[in-house]
4 protein chains.
Amino acid sequence: MIKGLSRAGIGQVGSVENFAALASRFGFGAIDAGGTELEEWIAAAGRDGVQSFLQEKKVQIGSIGLSVEWRHDEDKFRAGLPRLAKDAQAAAELGVTRCCTYVLPSTDYNAAHFMALATRRLRTCADILGAYGIRLGLEFVGPHHLRTRWANPFIWDIRSTLDWIGAIDKSNVGLLFDAYHWYTNEGTYEDILKLSADQIVHVHINDAPDVPVAEVLDNDRLYPGEGVIDLTAFLKGLQAIGYQGVVAQEILRPQPLTQPSEELAAKSQQAFAKVFAAAGLE
Amino acid sequence: MIKGLSRAGIGQVGSVENFAALASRFGFGAIDAGGTELEEWIAAAGRDGVQSFLQEKKVQIGSIGLSVEWRHDEDKFRAGLPRLAKDAQAAAELGVTRCCTYVLPSTDYNAAHFMALATRRLRTCADILGAYGIRLGLEFVGPHHLRTRWANPFIWDIRSTLDWIGAIDKSNVGLLFDAYHWYTNEGTYEDILKLSADQIVHVHINDAPDVPVAEVLDNDRLYPGEGVIDLTAFLKGLQAIGYQGVVAQEILRPQPLTQPSEELAAKSQQAFAKVFAAAGLE
Amino acid sequence: MIKGLSRAGIGQVGSVENFAALASRFGFGAIDAGGTELEEWIAAAGRDGVQSFLQEKKVQIGSIGLSVEWRHDEDKFRAGLPRLAKDAQAAAELGVTRCCTYVLPSTDYNAAHFMALATRRLRTCADILGAYGIRLGLEFVGPHHLRTRWANPFIWDIRSTLDWIGAIDKSNVGLLFDAYHWYTNEGTYEDILKLSADQIVHVHINDAPDVPVAEVLDNDRLYPGEGVIDLTAFLKGLQAIGYQGVVAQEILRPQPLTQPSEELAAKSQQAFAKVFAAAGLE
Amino acid sequence: MIKGLSRAGIGQVGSVENFAALASRFGFGAIDAGGTELEEWIAAAGRDGVQSFLQEKKVQIGSIGLSVEWRHDEDKFRAGLPRLAKDAQAAAELGVTRCCTYVLPSTDYNAAHFMALATRRLRTCADILGAYGIRLGLEFVGPHHLRTRWANPFIWDIRSTLDWIGAIDKSNVGLLFDAYHWYTNEGTYEDILKLSADQIVHVHINDAPDVPVAEVLDNDRLYPGEGVIDLTAFLKGLQAIGYQGVVAQEILRPQPLTQPSEELAAKSQQAFAKVFAAAGLE
């Protein structure tokens with residue numbers, strides 16, 4: 001598995017180039033980035049320049065975010081497709097093979113109707129991404145408070161998300177598997193063993209405070225090893241099924257972190273070292 | 001448009017052969033049938049025998065019912081697929097090009113999850129039917145009492161059903177458009193004009209009692225022209241968009257009808273004559 | 001049916017705005033255009049401005065061309081997808097619902113492998129177009145000399161193209177049906193009757209010189225009524241199946257036409273008047 | 001990897017039950033079987049009976065053959081779908097997750113048209129199989145003599161077959177990867193490394209005589225280790241990419257083998273032991 005960082009948890013790191021350099025300095029092999037910033041970086045430094053930089057830093061782009069707004073009306077969705085194609089084009093030039101989006105567990109729309117619309121829309125996104133050799137990861141979101149935040153329950157667990165992926169019916173769609181959502185679904189090691197590695201597009205790691213699981217807030221995340229999630233089981237499960245991709249830290253907080261990025265990256269490095277060691281990894 | 005009968009509204013008519021003969025006698029050009037009874041009929045009389053009979057009677061099989069149980073668990077669904085393939089095979093031998101199923105407007109399952117499962121399952125059904133040149137019609141169900149009959153709202157109107165058809169993403173899927181459900185959705189002539197004929201796989205006709213629309217019961221249907229549905233607008237709308245397929249009567253009642261089938265078929269014939277004439281048809 | 005023009009046959013007409021105005025002046029209700037020129041027009045005149053202009057001129061955009069290069073390598077294909085999304089976006093803003101591409105009847109690639117690649121690529125195009133409510137028309141190309149122009153035979157007739165559309169498996173894909181290719185396939189009125197109107201996305205009209213059908217050259221086209229194609233049967237067939245879309249003139253010539261566009265448009269108007277009248281249309 | 005047997009190479013072994021018992025006796029963990037014989041076995045012994053037998057013998061059913069005739073006309077194809085659904089049902093009851101078919105490298109049909117038809121047909125098969133959790137493996141066929149056996153070249157290598165799988169566009173379709181076809185395509189270890197384990201549905205192993213590669217006959221196969229195929233590279237490649245499925249022996253011969261099945265199974269056991277050991281496996 002490749003240790004990775006997202007911007008959530010490292011403060012104001014600046015440009016994607018700075019971000020990649022920081023990640024490299026603290027022993028990370030991947031960062032999550034935005035398609036547009038990749039396009040701009042390529043425009044500025046040239047594809048070869050960016051590739052050389054990343055190779056020198058031994059950092060890959062683990063995943064880009066899905067920039068299309070698929071959660072609301074049709075006009076917004078359509079308006080985002082040219083951008084998605086350009087994101088995918090830029091990402092593919094750098095060898096990126098992952099793009100991810102999250103799925104809120106409730107909705108103000110009629111849930112069945114929205115599921116039908118979202119199925120079609122995400123299939124279109126997957127088709128565009130697939131043309132560039134990029135997989136689409138869907139992140140189910142577990143915290144209980146979000147299941148009732150909007151009027152109608154949507155989906156929030158592995159089983160439903162896999163069934164949804166079956167409905168989307170594109171071979172390049174899989175899970176973004178986040179420790180926080182596994183935990184808030186009270187997932188087990190055995191649940192991970194039921195997955196195959198190729199069903200997992202991307203992984204997020206983080207930790208949760210010691211409060212009742214039904215009270216865990218989505219943006220109250222801790223660094224790996226600081227909380228109560230059994231990350232040893234999490235990482236061992238991923239290891240057991242042969243997952244070899246990126247495990248990227250994602251620490252959502254109610255307020256932006258104000259510490260220097262170096263300090264937060266160092267903290268992240270230590271957090272990864274601790275939980276990976278506990279799981280007998282690297 | 002071709003006047004058709006389903007078994008709902010003509011009492012105990014017996015075998016499909018009897019049903020076809022009765023329909024013919026009373027001026028109908030189509031009947032809805034079951035795939036299994038068609039297979040058995042072919043087994044007994046030979047494909048040529050059945051075809052000759054239908055040609056002589058000038059009756060076609062307008063649609064078969066979808067025999068697969070797609071609304072519950074995966075085992076039941078799977079168990080029905082061999083039967084579906086045989087239904088489709090038998091139907092195709094008789095030139096049948098339509099297969100239909102209804103969609104209940106609420107569900108005890110999580111509505112979004114069930115939508116995902118149903119999307120995948122109906123795609124599989126559509127794919128099997130498509131191999132035999134058969135289209136799949138989805139019937140949205142409008143009566144208000146069924147929208148809350150089970151715990152979670154599903155879908156019940158044209159727009160949602162078309163969006164679902166987009167999610168299923170097979171070119172041989174369309175609407176079963178039933179006057180009762182159009183009425184209980186307070187559909188208008190203009191709503192029909194927004195459709196294209198090729199979006200409609202099959203049509204049901206019937207009438208509704210003069211009660212508030214939110215109180216109309218699904219199984220309290222009247223013969224065409226006996227109630228308050230504006231069937232003139234309904235038929236004129238279908239005419240305007242160029243629909244040339246079958247319009248089959250479906251009269252669901254709380255109790256089985258006990259009158260002789262001849263009497264009910266004659267009543268149906270007069271009902272069709274009245275509403276078709278009012279719409280300026282044939 | 002709506003009489004339409006493409007740029008092939010009217011000389012150097014200039015901007016799309018001029019083209020629309022010219023078409024209007026000579027009684028045409030539609031023009032074929034490029035997605036990029038529509039985007040530029042909208043950028044210059046505003047969406048409302050363009051819409052008003054077209055409404056005033058009573059001209060619609062019948063179809064845009066598929067700008068993606070799907071016939072060669074994967075890099076070229078990918079590179080065209082952002083442009084396609086923007087084309088579709090611009091087209092949709094003007095209510096355009098058709099996009100077309102032609103299919104050469106032979107290839108230097110292994111024909112089976114190329115068919116597999118082209119199936120996937122055109123599905124992706126169809127998916128992007130479908131997101132904007134646009135259908136994709138595939139134009140089979142009949143002239144015999146092109147069937148052996150490259151090393152391996154591909155496809156060139158209705159049956160194969162419909163089967164290909166089945167392989168692509170998107171409900172928004174259909175035929176661009178061109179009189180020239182129908183003729184060079186020795187198509188008949190009965191062949192048209194076997195189609196349904198919704199299988200036809202767009203129609204081209206033109207005429208062929210009186211040479212043996214196997215010797216007809218693709219770029220030796222005449223104006224409707226000047227040659228030997230039975231355009232009466234062609235138009236009556238389309239009428240019989242209920243086709244109500246655009247019939248656009250496409251006159252491919254070995255050299256650019258040098259006459260003034262007004263002269264050629266007037267000639268086109270008379271050509272249409274003649275063949276439409278012969279078919280009992282408008 | 002699980003050592004497996006097909007019936008090709010073990011003579012007249014009789015019923016599937018006998019076959020499973022024989023495989024078990026000689027240290028194999030899987031056999032390839034037919035869906036119909038599985039259905040009959042279940043009918044005779046009960047699902048639990050068959051499962052117990054297989055568990056006791058430590059033998060799984062590695063793959064069933066695709067019984068549908070997808071290579072010829074539409075009627076034959078359709079006629080096989082009910083059987084396919086029953087095969088899949090029977091296989092799923094025994095936990096079988098693989099179904100395979102081979103692809104001849106030339107065809108008397110127009111290659112592009114046949115590719116389109118075959119794409120649609122195999123998608124339908126994949127959809128039916130997918131409903132039962134079964135993957136479909138496509139076996140490209142490499143021997144040169146078959147590439148020109150019929151009038152038009154089709155496809156015969158990894159790249160084309162993967163592109164075809166992309167055209168079929170179902171996530172449960174992958175390769176049946178056969179050492180003989182890898183060899184006759186002059187495949188390398190590096191070619192295997194380019195694959196991911198989840199692209200491989202099933203593996204065949206065998207060996208080729210020491211004749212020029214262009215002269216290797218499809219039905220002149222030797223037992224593993226008897227010929228010139230670099231099975232060490234083959235197995236190490238599969239190991240390197242993490243393939244953990246069945247590797248089933250398939251020895252096609254011009255004439256049926258007449259030795260006792262025990263003798264041939266013993267020979268097979270020794271052959272596997274030799275090549276697995278050479279590759280550092282088990």
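**Exercises on chain interfaces in a predicted model**

Between chain A and chain B about 1,500 Å² is buried, with 60% of that area coming from carbon and sulfur atoms. The model is predicted, and the exercises below concern two of its interfaces, one buried residue and one annotated region.

**Exercise 1.** Determine which residues and elements of chain A form its side of the contact with chain B.

*Solution.*
1. The contact draws 21 residues from chain A and 21 residues from chain B.
2. On the chain A side, the most area is lost to chain B by Ala112(A), His113(A) and Asp163(A), which together make up 29% of what that side buries.
3. Two salt bridges are counted between chain A and chain B. In a salt bridge between Asp169(A) and Arg123(B), the closest N and O atoms lie 3.5 Å apart.
4. Helix H6 (111-131) and helix H8 (158-168) of chain A are the elements giving two or more residues to this side. H6(A) gives the most, with nine residues.
5. By class, the side of chain A that touches chain B holds 11 nonpolar, five polar and five charged residues.

**Exercise 2.** Describe the side of chain C that touches chain A, and state how many salt bridges are counted between these chains.

*Solution.*
1. About 1,400 Å² is buried between chain C and chain A, 58% of it on carbon and sulfur atoms.
2. In chain C, the residues losing the most area to chain A are Arg78(C), Asp127(C) and Ala131(C), together 35% of what that side buries.
3. The count of salt bridges between chain C and chain A is zero. Six residue pairs are nevertheless in polar contact across this interface.
4. Helix H4 (74-79), helix H5 (81-93) and helix H6 (111-131) of chain C each supply at least two residues of this side. The most comes from H5(C), with six residues.
5. The residues of this side divide into nine nonpolar, three polar and six charged.

**Exercise 3.** Decide whether Leu54(C) is buried or exposed, and identify its contacts.

*Solution.*
1. Leu54(C) lies in helix H3 (residues 47-57) of chain C.
2. Its relative accessibility is 7%, and the cut-off for buried is under 20%; Leu54(C) therefore counts as buried.
3. Leaving aside residues up to four places away in sequence, Leu54(C) touches Ala20(C), Trp41(C), Val59(C) and Ile61(C).

**Exercise 4.** State which residues of chain A the UniProt domain annotation covers, and give their helix and strand content.

*Solution.*
1. An unreviewed UniProt entry annotates residues 21-272 of chain A as "domain: Xylose isomerase-like TIM barrel".
2. Over residues 21-272, chain A is 46% helix and 17% strand.
3. The end C-alpha atoms of residues 21-272 are 18 Å apart.

Notes: Residues numbered from 1 in each chain as written. Chains lettered and ligands numbered in written order. Predicted model: local features only at pLDDT ≥ 70, side-chain atom pairs only at ≥ 80, totals over all residues. Heavy atoms only, no water. Buried area = accessible area lost by both parts, 1.4 Å probe. Salt bridge = Lys/Arg side-chain N within 4 Å of Asp/Glu carboxyl O. Polar contact = N/O pair within 3.5 Å; in protein donor to acceptor, adjacent residues only side chain to side chain. Helix = DSSP H or I, 4+ residues; strand = E, 2+ residues; numbered from the N terminus. Nonpolar A, V, L, I, M, F, W, Y, C, P; charged D, E, K, R; others polar. Buried < 20%, exposed > 50% of the residue type's maximum accessible area, 1.4 Å probe, protein only. Contact = heavy atoms within 4.5 Å. UniProt positions renumbered as here; feature names shortened; annotations may be inferred.
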